[in-house]
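Trainee: I'd like a close look at one part of this model rather than a tour of everything. Could you walk me through it slowly?

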Amino acid sequence: MDLTRFSLREYVELMDKLGQLAAPAPDGLDLERTVELVSYSSKEVVPGTLFICKGAHFKVDYLADAAKRGAFAYASENTYSGIDLPCILVKDMRQVLAPLAVKYYNAPSQKLKVIGITGTKGKSSTAYYLKYILDELLVPQGKSCGVISSIDTWDGVERFESHLTTPEPLELQKHFAHAVASGMEYLVMEVSSQALKYHRTLGTRFAVSAFLNIGADHISPIEHPDFEDYFHSKQKIFAQADFSCVNLDCDHGDEALAAAQSACGTVHTFSRHNPAANVYGHDVRKIGDDILFQVDAAQLSGQYRLTMPGLFNVDNALAAIAVCQGLNIPQKAVLDGLSKARVPGRMEVYSNASGDVAAIVDYAHNRMSFETLFRSVQQEYPGRRIVTVFGCPGKKAFDRRRDLGEVSGQYSDLVVLTEEDSGEEDTVSICKEIATHVACTCEIQPNRGEAIRQAVLSCHQPSVILITGKGAETRQKRGLEYIDTPSDVEYAQAFLRELDARRD
(Lines give C-alpha, C1' and ligand atoms only; values in the text may rest on other atoms or scores of the structure.)
Protein backbone atom coordinates (compact mmCIF):
# COMPACT_ATOMS: atom_id res chain seq x y z
CA MET A 1 0.00 0.00 0.00
CA ASP A 2 1.20 3.48 -0.84
CA LEU A 3 0.29 5.43 2.31
CA THR A 4 1.10 9.01 3.22
CA ARG A 5 3.11 9.02 6.45
CA PHE A 6 2.61 11.57 9.19
CA SER A 7 4.84 13.02 11.90
CA LEU A 8 4.35 12.12 15.53
CA ARG A 9 3.32 15.73 16.12
CA GLU A 10 0.28 15.21 13.90
CA TYR A 11 -0.78 12.15 15.89
CA VAL A 12 -0.31 14.00 19.20
CA GLU A 13 -2.32 16.94 17.87
CA LEU A 14 -5.09 14.53 16.88
CA MET A 15 -5.20 13.07 20.40
CA ASP A 16 -5.25 16.60 21.82
CA LYS A 17 -8.08 17.62 19.48
CA LEU A 18 -10.05 14.59 20.70
CA GLY A 19 -9.53 15.80 24.28
CA GLN A 20 -7.79 12.55 25.10
CA LEU A 21 -4.32 13.68 26.21
CA ALA A 22 -4.04 12.95 29.92
CA ALA A 23 -0.76 14.90 30.23
CA PRO A 24 1.40 17.17 28.05
CA ALA A 25 3.72 15.46 25.60
CA PRO A 26 6.86 14.46 27.54
CA ASP A 27 10.22 16.18 27.18
CA GLY A 28 12.53 14.40 24.80
CA LEU A 29 9.74 13.27 22.50
CA ASP A 30 10.83 13.66 18.87
CA LEU A 31 7.61 15.16 17.54
CA GLU A 32 9.01 15.74 14.05
CA ARG A 33 9.93 12.10 13.48
CA THR A 34 7.80 10.31 10.90
CA VAL A 35 5.67 7.49 12.28
CA GLU A 36 6.34 4.47 10.07
CA LEU A 37 3.85 2.19 11.80
CA VAL A 38 1.09 2.35 14.41
CA SER A 39 0.74 -1.05 16.08
CA TYR A 40 -0.22 -2.89 19.26
CA SER A 41 1.60 -6.09 18.22
CA SER A 42 5.25 -6.12 19.30
CA LYS A 43 5.94 -8.78 16.66
CA GLU A 44 5.08 -6.27 13.89
CA VAL A 45 7.21 -3.41 15.21
CA VAL A 46 9.73 -1.78 12.89
CA PRO A 47 12.00 1.23 13.52
CA GLY A 48 9.81 4.31 13.75
CA THR A 49 6.78 2.60 15.32
CA LEU A 50 4.30 4.34 17.61
CA PHE A 51 3.39 1.44 19.91
CA ILE A 52 -0.08 1.16 21.45
CA CYS A 53 -0.59 -0.46 24.86
CA LYS A 54 -4.09 -1.97 25.04
CA GLY A 55 -6.16 -4.96 26.04
CA ALA A 56 -6.97 -7.02 29.11
CA HIS A 57 -4.07 -9.36 28.37
CA PHE A 58 -1.43 -6.64 27.83
CA LYS A 59 1.95 -7.32 29.45
CA VAL A 60 4.80 -4.87 29.96
CA ASP A 61 7.02 -7.47 28.26
CA TYR A 62 5.26 -6.60 24.99
CA LEU A 63 6.28 -2.96 25.38
CA ALA A 64 9.87 -3.93 26.22
CA ASP A 65 9.99 -6.11 23.10
CA ALA A 66 8.57 -3.25 21.00
CA ALA A 67 11.31 -0.93 22.31
CA LYS A 68 13.99 -3.46 21.31
CA ARG A 69 12.53 -3.75 17.81
CA GLY A 70 12.59 0.00 17.16
CA ALA A 71 9.47 1.66 18.61
CA PHE A 72 10.35 5.26 19.51
CA ALA A 73 7.28 6.17 21.60
CA TYR A 74 4.23 4.53 23.10
CA ALA A 75 0.66 5.62 23.80
CA SER A 76 -0.96 4.22 26.91
CA GLU A 77 -3.39 4.86 29.74
CA ASN A 78 -0.52 4.09 32.14
CA THR A 79 3.23 4.73 32.25
CA TYR A 80 5.57 1.80 32.75
CA SER A 81 8.79 2.09 34.73
CA GLY A 82 11.96 0.52 33.41
CA ILE A 83 11.02 1.18 29.77
CA ASP A 84 13.31 3.65 28.02
CA LEU A 85 10.64 5.13 25.75
CA PRO A 86 8.64 8.35 26.08
CA CYS A 87 4.97 7.79 26.92
CA ILE A 88 2.06 9.69 25.42
CA LEU A 89 -0.48 9.38 28.22
CA VAL A 90 -4.13 9.14 27.11
CA LYS A 91 -7.43 9.10 28.99
CA ASP A 92 -9.28 6.36 27.11
CA MET A 93 -7.41 4.20 24.62
CA ARG A 94 -10.64 2.94 23.07
CA GLN A 95 -11.57 6.51 22.07
CA VAL A 96 -8.07 7.15 20.70
CA LEU A 97 -7.24 3.98 18.83
CA ALA A 98 -9.74 4.13 15.96
CA PRO A 99 -8.92 7.77 15.03
CA LEU A 100 -5.21 6.89 15.09
CA ALA A 101 -5.90 3.90 12.82
CA VAL A 102 -7.99 6.02 10.44
CA LYS A 103 -5.15 8.57 10.19
CA TYR A 104 -2.42 5.98 9.73
CA TYR A 105 -4.32 4.28 6.89
CA ASN A 106 -5.27 7.62 5.26
CA ALA A 107 -9.05 7.51 5.98
CA PRO A 108 -9.77 4.71 3.48
CA SER A 109 -13.53 4.47 4.12
CA GLN A 110 -13.85 7.90 2.51
CA LYS A 111 -12.68 6.35 -0.78
CA LEU A 112 -14.85 3.23 -0.57
CA LYS A 113 -18.57 2.49 -0.32
CA VAL A 114 -18.73 0.65 3.00
CA ILE A 115 -22.09 -0.94 3.84
CA GLY A 116 -22.50 -1.59 7.57
CA ILE A 117 -25.06 -4.10 8.85
CA THR A 118 -26.11 -4.44 12.47
CA GLY A 119 -28.78 -6.45 14.28
CA THR A 120 -29.22 -9.33 16.69
CA LYS A 121 -29.67 -11.89 13.92
CA GLY A 122 -29.25 -12.04 10.16
CA LYS A 123 -26.12 -9.91 9.78
CA SER A 124 -24.07 -12.59 8.02
CA SER A 125 -26.84 -13.65 5.66
CA THR A 126 -27.65 -10.07 4.70
CA ALA A 127 -23.97 -9.32 4.17
CA TYR A 128 -23.60 -12.29 1.83
CA TYR A 129 -26.81 -11.50 -0.03
CA LEU A 130 -25.36 -8.07 -0.73
CA LYS A 131 -22.01 -9.50 -1.73
CA TYR A 132 -23.68 -11.83 -4.24
CA ILE A 133 -25.73 -8.93 -5.64
CA LEU A 134 -22.76 -6.59 -5.94
CA ASP A 135 -20.57 -9.33 -7.42
CA GLU A 136 -23.21 -9.74 -10.14
CA LEU A 137 -22.70 -6.06 -10.90
CA LEU A 138 -18.91 -6.02 -10.56
CA VAL A 139 -17.56 -9.33 -11.84
CA PRO A 140 -18.12 -8.41 -15.52
CA GLN A 141 -15.83 -5.44 -14.79
CA GLY A 142 -13.17 -7.73 -13.33
CA LYS A 143 -13.94 -6.60 -9.76
CA SER A 144 -15.63 -8.01 -6.68
CA CYS A 145 -17.24 -6.80 -3.48
CA GLY A 146 -15.23 -7.04 -0.26
CA VAL A 147 -16.67 -8.56 2.88
CA ILE A 148 -15.85 -8.42 6.59
CA SER A 149 -18.07 -10.81 8.51
CA SER A 150 -18.18 -13.30 11.36
CA ILE A 151 -17.66 -15.97 8.68
CA ASP A 152 -14.70 -14.70 6.73
CA THR A 153 -12.90 -11.65 5.41
CA TRP A 154 -11.97 -10.70 1.83
CA ASP A 155 -10.44 -7.27 1.23
CA GLY A 156 -8.80 -7.70 -2.19
CA VAL A 157 -5.50 -8.77 -0.58
CA GLU A 158 -6.33 -11.06 2.35
CA ARG A 159 -8.89 -13.85 2.58
CA PHE A 160 -9.29 -15.79 5.84
CA GLU A 161 -11.75 -17.25 8.34
CA SER A 162 -12.83 -14.63 10.86
CA HIS A 163 -12.75 -14.77 14.66
CA LEU A 164 -14.40 -11.44 15.47
CA THR A 165 -17.59 -10.14 13.91
CA THR A 166 -15.98 -6.70 13.60
CA PRO A 167 -12.16 -6.44 13.74
CA GLU A 168 -10.19 -4.17 16.05
CA PRO A 169 -9.57 -0.66 14.61
CA LEU A 170 -6.10 -1.15 13.13
CA GLU A 171 -7.12 -4.37 11.38
CA LEU A 172 -10.39 -2.84 10.22
CA GLN A 173 -8.78 0.22 8.65
CA LYS A 174 -6.09 -1.99 7.09
CA HIS A 175 -8.79 -4.03 5.37
CA PHE A 176 -10.38 -0.84 4.04
CA ALA A 177 -6.98 0.34 2.79
CA HIS A 178 -6.39 -3.02 1.07
CA ALA A 179 -9.79 -2.70 -0.62
CA VAL A 180 -8.98 0.80 -1.86
CA ALA A 181 -5.55 -0.27 -3.11
CA SER A 182 -7.15 -3.24 -4.90
CA GLY A 183 -9.59 -1.00 -6.75
CA MET A 184 -12.67 -2.21 -4.87
CA GLU A 185 -15.71 0.04 -4.99
CA TYR A 186 -17.90 -1.71 -2.39
CA LEU A 187 -17.24 -3.52 0.87
CA VAL A 188 -20.02 -4.95 3.04
CA MET A 189 -19.43 -5.64 6.72
CA GLU A 190 -21.13 -6.79 9.89
CA VAL A 191 -21.01 -4.25 12.71
CA SER A 192 -21.40 -5.70 16.19
CA SER A 193 -22.78 -3.92 19.24
CA GLN A 194 -19.39 -4.36 20.92
CA ALA A 195 -17.64 -2.66 18.01
CA LEU A 196 -20.01 0.29 18.26
CA LYS A 197 -19.93 0.51 22.05
CA TYR A 198 -16.15 0.38 22.25
CA HIS A 199 -15.53 2.64 19.25
CA ARG A 200 -13.87 0.15 16.89
CA THR A 201 -15.60 1.80 13.92
CA LEU A 202 -15.09 5.39 15.11
CA GLY A 203 -14.10 7.50 12.10
CA THR A 204 -15.45 4.99 9.57
CA ARG A 205 -17.84 6.43 7.02
CA PHE A 206 -20.67 4.08 6.05
CA ALA A 207 -22.20 4.77 2.66
CA VAL A 208 -25.18 2.80 4.01
CA SER A 209 -26.12 1.33 7.37
CA ALA A 210 -28.80 -1.34 7.82
CA PHE A 211 -30.59 -2.05 11.10
CA LEU A 212 -32.11 -5.53 10.92
CA ASN A 213 -33.67 -6.23 14.32
CA ILE A 214 -33.06 -6.17 18.06
CA GLY A 215 -33.46 -8.79 20.78
CA ALA A 216 -31.76 -9.35 24.10
CA ASP A 217 -28.22 -10.70 23.60
CA HIS A 218 -24.67 -10.05 24.79
CA ILE A 219 -25.97 -9.09 28.23
CA SER A 220 -23.16 -9.76 30.71
CA PRO A 221 -20.85 -7.87 33.06
CA ILE A 222 -18.14 -7.69 30.38
CA GLU A 223 -20.41 -6.82 27.42
CA HIS A 224 -23.67 -4.88 27.92
CA PRO A 225 -25.02 -4.50 31.45
CA ASP A 226 -28.62 -4.38 30.20
CA PHE A 227 -30.80 -4.30 27.10
CA GLU A 228 -30.88 -0.49 26.99
CA ASP A 229 -27.11 -0.34 26.67
CA TYR A 230 -27.18 -3.00 23.96
CA PHE A 231 -29.89 -1.22 21.96
CA HIS A 232 -28.27 2.20 22.38
CA SER A 233 -24.95 0.80 21.16
CA LYS A 234 -26.58 -0.59 18.01
CA GLN A 235 -28.10 2.81 17.22
CA LYS A 236 -24.69 4.50 17.12
CA ILE A 237 -24.23 3.25 13.56
CA PHE A 238 -26.78 5.76 12.22
CA ALA A 239 -24.59 8.79 12.98
CA GLN A 240 -21.82 7.39 10.79
CA ALA A 241 -23.97 6.66 7.72
CA ASP A 242 -24.87 8.69 4.63
CA PHE A 243 -28.22 6.91 4.64
CA SER A 244 -29.78 4.11 6.67
CA CYS A 245 -32.23 1.23 6.23
CA VAL A 246 -34.49 0.17 9.11
CA ASN A 247 -36.74 -2.88 9.57
CA LEU A 248 -40.21 -1.66 10.58
CA ASP A 249 -41.23 -5.15 11.72
CA CYS A 250 -38.66 -5.62 14.46
CA ASP A 251 -39.24 -5.03 18.17
CA HIS A 252 -38.55 -1.37 19.00
CA GLY A 253 -38.69 -0.61 15.28
CA ASP A 254 -40.30 2.80 15.89
CA GLU A 255 -37.46 3.77 18.23
CA ALA A 256 -34.83 2.58 15.77
CA LEU A 257 -36.50 4.52 12.96
CA ALA A 258 -36.67 7.70 15.06
CA ALA A 259 -32.99 7.34 15.97
CA ALA A 260 -32.05 6.86 12.33
CA GLN A 261 -34.10 9.85 11.20
CA SER A 262 -32.52 12.01 13.89
CA ALA A 263 -28.93 11.00 13.13
CA CYS A 264 -29.04 10.38 9.38
CA GLY A 265 -30.50 12.50 6.59
CA THR A 266 -32.06 9.74 4.48
CA VAL A 267 -33.79 6.60 5.79
CA HIS A 268 -35.27 3.73 3.76
CA THR A 269 -37.61 1.29 5.50
CA PHE A 270 -38.40 -2.36 4.77
CA SER A 271 -41.18 -4.61 6.02
CA ARG A 272 -43.26 -7.74 5.43
CA HIS A 273 -46.27 -6.29 7.25
CA ASN A 274 -46.39 -2.57 6.48
CA PRO A 275 -47.24 -1.66 2.87
CA ALA A 276 -46.08 1.91 3.53
CA ALA A 277 -42.43 0.78 3.78
CA ASN A 278 -40.05 1.79 0.99
CA VAL A 279 -39.47 -1.93 0.42
CA TYR A 280 -42.55 -4.05 1.12
CA GLY A 281 -42.35 -7.84 0.83
CA HIS A 282 -45.48 -9.99 0.60
CA ASP A 283 -47.00 -13.13 -0.92
CA VAL A 284 -44.19 -15.32 0.42
CA ARG A 285 -44.50 -18.94 -0.70
CA LYS A 286 -42.36 -22.03 -1.06
CA ILE A 287 -42.29 -23.85 -4.41
CA GLY A 288 -40.15 -26.97 -4.27
CA ASP A 289 -36.91 -25.97 -2.57
CA ASP A 290 -37.22 -22.32 -3.60
CA ILE A 291 -38.78 -19.39 -1.76
CA LEU A 292 -40.63 -16.83 -3.87
CA PHE A 293 -41.91 -13.46 -2.73
CA GLN A 294 -43.26 -10.27 -4.22
CA VAL A 295 -41.66 -6.88 -3.57
CA ASP A 296 -43.11 -3.38 -3.93
CA ALA A 297 -40.11 -1.04 -4.08
CA ALA A 298 -40.32 1.57 -6.85
CA GLN A 299 -37.72 0.63 -9.50
CA LEU A 300 -36.95 -2.68 -7.73
CA SER A 301 -40.54 -3.95 -7.65
CA GLY A 302 -41.12 -7.49 -8.85
CA GLN A 303 -40.98 -11.18 -7.93
CA TYR A 304 -37.80 -12.44 -6.25
CA ARG A 305 -36.50 -15.95 -5.67
CA LEU A 306 -34.28 -17.39 -2.92
CA THR A 307 -32.79 -20.81 -3.46
CA MET A 308 -31.34 -20.90 0.06
CA PRO A 309 -33.54 -22.58 2.73
CA GLY A 310 -35.19 -20.73 5.60
CA LEU A 311 -38.38 -18.71 5.22
CA PHE A 312 -36.96 -16.13 7.65
CA ASN A 313 -34.35 -15.25 5.03
CA VAL A 314 -36.97 -13.18 3.22
CA ASP A 315 -36.40 -10.51 5.91
CA ASN A 316 -32.67 -10.51 5.16
CA ALA A 317 -33.38 -10.30 1.44
CA LEU A 318 -35.65 -7.28 1.97
CA ALA A 319 -32.85 -5.57 3.90
CA ALA A 320 -30.48 -6.21 1.01
CA ILE A 321 -33.04 -4.85 -1.48
CA ALA A 322 -33.49 -1.70 0.62
CA VAL A 323 -29.73 -1.11 0.59
CA CYS A 324 -29.62 -1.65 -3.17
CA GLN A 325 -32.52 0.75 -3.66
CA GLY A 326 -30.54 3.47 -1.91
CA LEU A 327 -27.39 2.68 -3.91
CA ASN A 328 -29.30 2.61 -7.24
CA ILE A 329 -28.18 -0.94 -8.03
CA PRO A 330 -29.77 -2.28 -11.26
CA GLN A 331 -32.60 -4.73 -10.65
CA LYS A 332 -31.04 -7.51 -12.75
CA ALA A 333 -28.06 -7.68 -10.39
CA VAL A 334 -30.43 -7.82 -7.39
CA LEU A 335 -32.59 -10.55 -8.90
CA ASP A 336 -29.67 -12.68 -10.06
CA GLY A 337 -27.62 -12.17 -6.90
CA LEU A 338 -30.41 -13.19 -4.54
CA SER A 339 -31.28 -16.26 -6.61
CA LYS A 340 -27.67 -17.48 -6.43
CA ALA A 341 -26.87 -16.42 -2.87
CA ARG A 342 -25.33 -18.88 -0.44
CA VAL A 343 -23.97 -18.19 3.04
CA PRO A 344 -21.26 -20.53 4.39
CA GLY A 345 -22.48 -22.26 7.53
CA ARG A 346 -25.97 -20.71 7.36
CA MET A 347 -28.94 -23.00 6.69
CA GLU A 348 -26.77 -25.59 4.96
CA VAL A 349 -28.92 -28.72 4.61
CA TYR A 350 -27.50 -32.24 4.22
CA SER A 351 -29.50 -35.47 4.01
CA ASN A 352 -28.85 -39.18 4.21
CA ALA A 353 -29.43 -41.41 1.17
CA SER A 354 -33.10 -42.07 1.88
CA GLY A 355 -33.82 -38.43 2.76
CA ASP A 356 -35.53 -39.20 6.06
CA VAL A 357 -32.76 -37.55 8.12
CA ALA A 358 -31.80 -33.94 7.40
CA ALA A 359 -28.92 -32.21 9.17
CA ILE A 360 -29.07 -28.41 9.14
CA VAL A 361 -25.85 -26.54 9.93
CA ASP A 362 -26.58 -23.00 11.03
CA TYR A 363 -24.98 -20.24 13.06
CA ALA A 364 -28.05 -19.54 15.24
CA HIS A 365 -26.64 -18.62 18.64
CA ASN A 366 -29.09 -16.39 20.53
CA ARG A 367 -32.72 -16.55 21.63
CA MET A 368 -34.06 -14.62 18.64
CA SER A 369 -32.23 -16.68 16.04
CA PHE A 370 -33.10 -19.95 17.84
CA GLU A 371 -36.82 -19.17 17.94
CA THR A 372 -36.80 -18.11 14.29
CA LEU A 373 -34.92 -21.24 13.22
CA PHE A 374 -37.19 -23.65 15.11
CA ARG A 375 -40.36 -22.04 13.77
CA SER A 376 -39.01 -22.24 10.23
CA VAL A 377 -38.03 -25.91 10.68
CA GLN A 378 -41.50 -26.78 12.00
CA GLN A 379 -43.02 -25.21 8.87
CA GLU A 380 -40.61 -26.81 6.42
CA TYR A 381 -40.31 -30.26 8.08
CA PRO A 382 -43.71 -30.82 9.73
CA GLY A 383 -44.04 -33.85 11.97
CA ARG A 384 -40.36 -34.73 12.11
CA ARG A 385 -38.46 -35.48 15.29
CA ILE A 386 -36.06 -32.61 16.14
CA VAL A 387 -32.59 -33.10 17.61
CA THR A 388 -30.49 -30.06 18.50
CA VAL A 389 -26.71 -29.89 19.04
CA PHE A 390 -25.20 -26.71 20.48
CA GLY A 391 -23.19 -25.12 23.27
CA CYS A 392 -22.47 -21.62 24.57
CA PRO A 393 -19.23 -19.59 24.55
CA GLY A 394 -17.11 -18.98 27.61
CA LYS A 395 -17.10 -15.70 29.51
CA LYS A 396 -19.68 -13.89 27.38
CA ALA A 397 -23.43 -13.59 26.73
CA PHE A 398 -24.30 -15.53 29.89
CA ASP A 399 -28.05 -15.12 29.32
CA ARG A 400 -27.78 -17.40 26.29
CA ARG A 401 -27.30 -20.40 28.59
CA ARG A 402 -30.80 -19.93 29.94
CA ASP A 403 -32.35 -18.68 26.70
CA LEU A 404 -31.02 -21.40 24.40
CA GLY A 405 -31.73 -24.08 26.96
CA GLU A 406 -35.35 -22.96 27.25
CA VAL A 407 -35.97 -22.60 23.51
CA SER A 408 -34.25 -25.85 22.52
CA GLY A 409 -36.11 -27.73 25.24
CA GLN A 410 -39.43 -26.32 24.05
CA TYR A 411 -39.02 -27.41 20.42
CA SER A 412 -36.66 -30.42 20.50
CA ASP A 413 -37.13 -34.11 21.23
CA LEU A 414 -33.45 -34.47 22.12
CA VAL A 415 -30.78 -31.89 22.97
CA VAL A 416 -27.07 -32.74 22.91
CA LEU A 417 -24.91 -30.10 24.61
CA THR A 418 -21.28 -29.71 23.62
CA GLU A 419 -18.24 -27.46 23.16
CA GLU A 420 -18.69 -24.07 21.51
CA ASP A 421 -15.68 -21.80 21.99
CA SER A 422 -15.49 -22.40 25.74
CA GLY A 423 -12.30 -20.35 25.94
CA GLU A 424 -11.19 -19.95 29.53
CA GLU A 425 -14.24 -21.75 30.97
CA ASP A 426 -14.79 -25.48 31.39
CA THR A 427 -16.99 -26.96 28.66
CA VAL A 428 -18.80 -29.45 30.91
CA SER A 429 -19.60 -26.72 33.45
CA ILE A 430 -21.13 -24.56 30.72
CA CYS A 431 -23.17 -27.52 29.45
CA LYS A 432 -24.43 -28.38 32.93
CA GLU A 433 -25.60 -24.80 33.39
CA ILE A 434 -27.49 -24.89 30.06
CA ALA A 435 -28.97 -28.30 30.93
CA THR A 436 -30.76 -26.89 33.99
CA HIS A 437 -33.00 -24.97 31.56
CA VAL A 438 -33.67 -27.80 29.05
CA ALA A 439 -37.12 -29.37 29.46
CA CYS A 440 -36.69 -32.31 27.06
CA THR A 441 -34.27 -35.27 27.04
CA CYS A 442 -30.77 -33.82 27.31
CA GLU A 443 -27.28 -35.30 26.97
CA ILE A 444 -23.83 -33.76 27.47
CA GLN A 445 -20.95 -34.71 25.18
CA PRO A 446 -18.05 -32.21 25.36
CA ASN A 447 -16.41 -33.54 22.19
CA ARG A 448 -18.28 -31.69 19.43
CA GLY A 449 -17.63 -34.28 16.75
CA GLU A 450 -18.87 -37.10 18.98
CA ALA A 451 -21.91 -34.99 19.97
CA ILE A 452 -22.92 -34.60 16.33
CA ARG A 453 -22.26 -38.32 15.73
CA GLN A 454 -24.53 -39.27 18.66
CA ALA A 455 -27.26 -36.99 17.35
CA VAL A 456 -27.12 -38.43 13.83
CA LEU A 457 -26.95 -42.08 14.89
CA SER A 458 -29.91 -41.57 17.26
CA CYS A 459 -32.21 -41.13 14.26
CA HIS A 460 -34.43 -44.20 13.81
CA GLN A 461 -37.37 -42.25 12.38
CA PRO A 462 -37.74 -39.15 10.16
CA SER A 463 -35.70 -36.47 11.88
CA VAL A 464 -34.14 -33.02 11.57
CA ILE A 465 -30.84 -32.42 13.32
CA LEU A 466 -30.06 -28.77 14.03
CA ILE A 467 -26.33 -28.20 14.53
CA THR A 468 -25.97 -24.60 15.59
CA GLY A 469 -23.51 -21.97 16.71
CA LYS A 470 -20.40 -22.72 14.65
CA GLY A 471 -21.54 -22.94 11.04
CA ALA A 472 -18.63 -23.58 8.69
CA GLU A 473 -15.99 -22.48 11.22
CA THR A 474 -12.91 -24.69 11.45
CA ARG A 475 -11.56 -23.61 14.83
CA GLN A 476 -12.52 -23.83 18.49
CA LYS A 477 -11.41 -21.30 21.09
CA ARG A 478 -9.76 -23.19 23.95
CA GLY A 479 -8.13 -21.03 26.57
CA LEU A 480 -6.74 -18.03 24.69
CA GLU A 481 -5.96 -19.99 21.53
CA TYR A 482 -7.92 -21.06 18.48
CA ILE A 483 -7.45 -24.78 17.73
CA ASP A 484 -8.03 -26.25 14.26
CA THR A 485 -11.00 -28.65 14.12
CA PRO A 486 -13.27 -30.14 11.43
CA SER A 487 -16.29 -27.96 10.67
CA ASP A 488 -19.86 -28.90 11.56
CA VAL A 489 -20.43 -29.37 7.82
CA GLU A 490 -17.68 -31.99 7.65
CA TYR A 491 -18.98 -33.74 10.76
CA ALA A 492 -22.57 -33.81 9.47
CA GLN A 493 -21.63 -35.22 6.08
CA ALA A 494 -19.36 -37.90 7.57
CA PHE A 495 -21.88 -39.11 10.15
CA LEU A 496 -24.80 -39.16 7.70
CA ARG A 497 -22.67 -41.50 5.58
CA GLU A 498 -22.02 -43.61 8.68
CA LEU A 499 -25.77 -43.73 9.37
CA ASP A 500 -26.39 -45.01 5.82
CA ALA A 501 -23.62 -47.61 6.18
CA ARG A 502 -25.10 -48.91 9.44
CA ARG A 503 -28.54 -49.19 7.87
CA ASP A 504 -27.14 -51.04 4.86
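Trainee: In which sense do S19 and strand S23 pair, and over how many bridges?

Mentor: Keep in mind that this is a predicted model. S19 and strand S23 (residues 463-468) run in the parallel sense, and six bridges hold the pairing. For one residue pair to click on, take Val361, which stands opposite Ile467 in S23.

Now look at the other neighbour of S19. S18 is joined to S19 by four bridges, and these two strands run antiparallel. Val361 turns up here as well, with Glu348 standing opposite Val361. S18 and S19 form a hairpin with five residues between the strands, and in that hairpin Gly355 takes a positive phi near 80°.

How buried is S19 itself? Strand S19 covers residues 357-362, and six of the six are buried, so S19 is largely enclosed by the rest of the structure. You can check this face by face: Val357, Ala359 and Val361 are buried on one side, while Ala358, Ile360 and Asp362 are buried on the other. Note that Asp362 is in that buried set.

Zoom out and you'll see where these strands belong. They sit in an open sheet of six strands, ordered S18-S19-S23-S20-S21-S22, and the pairing is mixed. The edges are strand S18 (348-351) and strand S22 (441-444), each of which pairs on one side only. From one strand to the next, the twist averages 20°. If you're wondering what the pairing consists of, strands of a sheet pair through backbone hydrogen bonds, either parallel or antiparallel.

Follow the order to the far end, and you get to strand S21 (residues 414-417), which is joined to S22 by four bridges, with the two running parallel. There, Val416 has Glu443 in S22 as its bridge partner. So both pairing senses are on show: S18 with S19 is antiparallel, whereas S21 with S22 is parallel.

One more element is worth putting on screen with the sheet. Helix H12 (residues 399-411) lies across strand S20 (385-390) and S21. Helix H12 runs at about 160° to S20.

To pull it together, start from S19 when you set up your view: S18 is on one side with its four antiparallel bridges, and S23 is paired with S19 through six parallel ones. Then colour by burial, and the S19 residues on both faces should come up as buried.

Key:
Residues are numbered from 1 along each chain as its sequence is written. This is a predicted model: local features need pLDDT of at least 70, side-chain atom pairs count only at pLDDT 80 or more; totals for chains, interfaces and linings use all residues. Side-chain values use heavy atoms; hydrogens and water are left out. Two strands pair if DSSP finds at least two bridges between them. Axes are lines fitted to C-alpha atoms, for helices over the stretch in contact, and angles run from 0 to 180 degrees between N-to-C directions. Contact means heavy atoms within 4.5 Å. Buried means under 20% relative accessible area, exposed over 50%, partly exposed in between (1.4 Å probe, protein chains only).
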